[in-house]
Amino acid sequence: MAAKLFLWGFRGGGDSVVLLHTLHDLADSLSLTLHALHVHHGMRPDADADACFVERLGKTLSLPVIVERVKVDDSAGLSPEAAMRRARYAAYRLWAGRCSASKVALGHTADDQAETVLMRLLQGAGPRGLAGIPPVWGPYIRPLIELRRQEILGALGARGIPWVEDPSNRDPKFLRNRIRHDLLPLLAGGYNPRVVETLCRVGVLSRSLIETLDRVAERELDRLAVTVGDGL
């Protein structure tokens with residue numbers, strides 16, 4: 001059986017470090033060939049240090065690490081977060097093709113999911129928006145999506161594994177950071193101590209609704225559509 005080839009977006013934070021170690025531990029039993037990809041945005045003074053950390057960890061685990069330096073284009077009127085995300089996913093697609101990778105594993109957690117659902121709720125999203133971050137979307141998989149961030153950091157601490165903190169994750173100019181550090185703790189402390197789990201459940205229910213509607217729509221299209229020339 002041919003080995004599966006996983007290409008992984010490795011950023012050096014706690015979630016990505018746990019994911020790298022987990023995939024490395026499972027590589028033999030699951031016949032995985034791993035490559036780690038670090039996307040260097042060059043947007044922070046310590047970006048070079050993060051890239052060095054990633055390369056050192058790759059050497060420790062005897063894994064190939066690709067550092068892809070990208071230019072973040074904000075000319076389309078995107079927020080800095082959205083522009084960096086676009087650049088990251090372009091790099092993932094590029095290197096997935098170059099390495100013939102079947103999957104791209106990303107380190108999103110349950111906390112990331114809850115933040116996304118709450119942020120979209122505040123922005124007035126419908127069911128597709130409230131579906132949040134898909135655990136599986138095309139080649140992208142998120143193995144940690146049901147784990148809390150504190151569980152992950154606790155596992156790193158217990159094993160004495162270092163990681164890097166991105167200081168921009170505490171910058172209040174970003175909506176996600178205000179939701180993470182201000183709004184979610186307020187909701188957990190004064191309204192629902194399991195608010196993260198509740199928001200994740202909203203995402204699950206919304207995804208289930210969308211999947212059901214898509215199946216019904218596809219079935220009805222097949223049943224009712226009539227081809228006339230080049231149209232339906």
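**A loop asparagine, a β-α-β unit, two cores and an aromatic cluster**

N169 comes out as partly exposed in this predicted model, because its relative accessibility is 31%, which falls between the 20% and 50% cut-offs. The residue sits in the loop that runs between α6 (149-159) and α7 (175-190). Setting aside residues up to four places away in sequence, N169 touches N177, R180 and H181. For R180, the separation from N169 is 11 residues along the chain and 9.1 Å in space, C-alpha to C-alpha.

Turning to the strands, β2 (residues 32-40) pairs with β3 in the parallel sense, over 5 bridges. One of the details here is that V39 has E68 of β3 as its bridge partner. To get from β2 to β3, the chain passes through helix α2 (residues 47-60), and this β-α-β crossover is right-handed. Strand β3 (residues 65-69) shows two faces: I66 and E68 are on the covered one, while V65, V67 and R69 are on the uncovered one.

Next, the nonpolar interior. In soluble globular proteins, nonpolar side chains tend to be buried together. Here the largest nonpolar core has 23 residues, and the members touching the most others are W8, F10, V17, L20 and L23. Two or more residues each come from α1 (14-26), β2, α2 and α6, with α1 giving the most, at 5 residues. L23 contacts W8, L32, L34 and A105, leaving aside neighbours within four places in sequence. Another core, of 18 residues, lies apart from this one and includes L37, M84, A87 and V104.

As for aromatics, the whole structure holds 4 aromatic pairs. In one of them, Y89 and Y92 meet edge-to-face, 5.2 Å centre to centre with 70° between the planes. These two tyrosines are about one helical turn apart, because they are 3 residues from each other in helix α3 (residues 80-98). Both Y89 and Y92 are buried. Y89 also pairs with Y140: the ring centres are 5.1 Å apart and the planes stand at 65°, so this pair is edge-to-face. Since Y89 belongs to helix α3 and Y140 to strand β6 (residues 140-141), the pair ties together parts that are 51 residues apart in sequence. Y89 counts as buried because its relative accessibility is 7%, and Y140 is buried too, at 6%. Along with W137, the residues Y89, Y92 and Y140 make up one aromatic cluster.

Two arginines sit over aromatic rings. R85 places its charged end over the ring of Y89, 4.5 Å from the centre, and R98 lies over the face of W95, 4.7 Å from the ring centre.

Notes:
Residues are numbered from 1 along each chain as its sequence is written. This is a predicted model: local features need pLDDT of at least 70, side-chain atom pairs count only at pLDDT 80 or more; totals for chains, interfaces and linings use all residues. Side-chain values use heavy atoms; hydrogens and water are left out. Helices (H or I, at least four residues) and strands (E, at least two) are DSSP runs, numbered from the N terminus. Buried means under 20% relative accessible area, exposed over 50%, partly exposed in between (1.4 Å probe, protein chains only). Contact means heavy atoms within 4.5 Å. Two strands pair if DSSP finds at least two bridges between them. A crossover is right-handed if, with the strands pointing away from the viewer, the path from the first strand over the helix to the second runs clockwise. A nonpolar core is a set of buried Ala, Val, Leu, Ile, Met, Phe, Trp, Tyr and Cys residues joined through side-chain atoms within 4.5 Å. Rings of Phe, Tyr and Trp (its six-membered ring) pair if their centres lie within 6.5 Å; planes under 30 degrees apart count as stacked, over 60 as edge-to-face and the rest as tilted. A charge sits over a ring if NZ of Lys or CZ of Arg is within 6 Å of the ring centre and within 35 degrees of the ring normal.
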